[in-house]
Every structure is written in structure tokens, then in C-alpha cells.
Amino acid sequence: MDYSEKVMDHFENPRNQGILENPDGIGVEGNPQCGDIMKIYIKVADNRIADVKFQTFGCGAAIASSSMATEMIMGKTLEEAWELSNKAVAQALDGLPPQKVHCSVLAEDAIHRAINDYRVKQGLEPWEEKPGHKKHCHESQ
Ligand code: FES
């Protein structure tokens, strides 16, 4: 399988990997088809992602996607972090093989869950996923 240099770099040297103590939000997302799981921890300050870490029990593409996604949302507002798409993550990695695009969806979904976990803990309404998103995820497998 052809992986870009960026994918290999983030797979071999993942950024922001680990656990955040006392996170403001935690998001867990699993892919029922491959059984891989991604966990995202966020700290929020002034409506921005002040810190973010991930744990991924999954394939190399999922690890590279989580690593890149955490770099891309660090310091961003919650609105900006919510808008990060799996396509943008895959693009930033110089592309993923077609059969591995679904792995990057895990990162987007886990970030959404972490943001909504934070929002609910703050007594706010959770934001809604874009319609058709999940469908797209499973179609691409
Ligand atoms: Fe499961 Fe990549 S094969 S996330």
C-alpha cells in the first residue's frame, strides 16, 4: 500500500499522543467494521482548544490521521475545530489510499464527540452532525 511520507512521519512520530489529565471533554469513536478505536481528550480555554491528546488503538492511517488532526485543531476555536473534515486531514497528509480514507473519519468523529462532551458538561446543547456523514464513512470502506 502506498503511503505518503507525511503519513509515515505521523505514524512513526505521532504528535500529541497520550492522555490529558482532567480533560474538559473526551470523545471516543469506534469503527465497527475494523474494530479500531480512537479517543480524543481536549482542554478548552476561552472557547479554544487549549490542549488536545489522542489515543488510537488502530491502524497506521488512523494513528497518522489522529496525529495530524490534533495538530490542526490545536489553538482553534471550538467552531473551527468542529469544521475540520476528514477530507482536510487526509489532504494535509498528502492523501490516503482510497481504502484507508474511512480511517480519517474516525478522527473527525472523535473530535466532534469530545466537543459535544465538553458542551454537554457546560450545560450547552450538543451540536448536530452533518446529515449523511456516517453514511459516507461506511460507504468508503
Ligand atoms: Fe480501522 Fe483504519 S483500518 S481505522
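The radius of gyration is taken here over C-alpha atoms, and the globule rule sets its expected value at 2.2 Å times the number of residues to the power 0.38. The model examined below is predicted.

**Exercise 1.** Determine how the radius of gyration of the protein relates to that of a compact globule with 141 residues.

*Solution.* For 141 residues, the rule gives a radius near 14 Å for a compact globule. The protein itself has 14 Å, which means that the two values agree. As a complement, the C-alpha trace spans about 45 × 30 × 25 Å along its principal axes, and 40% of the 141 residues count as buried.

**Exercise 2.** Work out the order and the pairing of the strands in the sheet.

*Solution.* Begin with the pattern along the sequence, which reads α-β-β-β-α-α-α-α-α and comprises six helices and three strands. The three strands form an open sheet in the order β1-β2-β3, with antiparallel pairing. Its edge strands are β1 (25-30) and β3 (48-57), each of which pairs on one side only. Neighbouring strands are turned by 15° against each other on average, direction ignored. Turning to one pair in detail, strand β2 (residues 37-45) is joined to β3 by nine bridges, and Lys-43 has Asp-51 in β3 as its bridge partner.

**Exercise 3.** Identify the strands touched by helix α2, and those across which helix α5 lies.

*Solution.* Helix α2 (residues 60-73) packs on the sheet, where it touches β2 and β3, and its direction makes about 175° with that of β3. Helix α5 (residues 101-121), for its part, lies across β1 and β2 and runs at about 145° to β1.

Definitions and conventions. Residues are numbered from 1 along each chain as its sequence is written. This is a predicted model: local features need pLDDT of at least 70, side-chain atom pairs count only at pLDDT 80 or more; totals for chains, interfaces and linings use all residues. Helices (H or I, at least four residues) and strands (E, at least two) are DSSP runs, numbered from the N terminus. A residue is buried if 20 or more other C-beta atoms lie within 10 Å of its own, exposed if 12 or fewer, and partly exposed in between; C-beta atoms are placed from the backbone. Two strands pair if DSSP finds at least two bridges between them. Axes are lines fitted to C-alpha atoms, for helices over the stretch in contact, and angles run from 0 to 180 degrees between N-to-C directions. Two residues are in contact if their C-beta atoms, placed from the backbone, lie within 7 Å.
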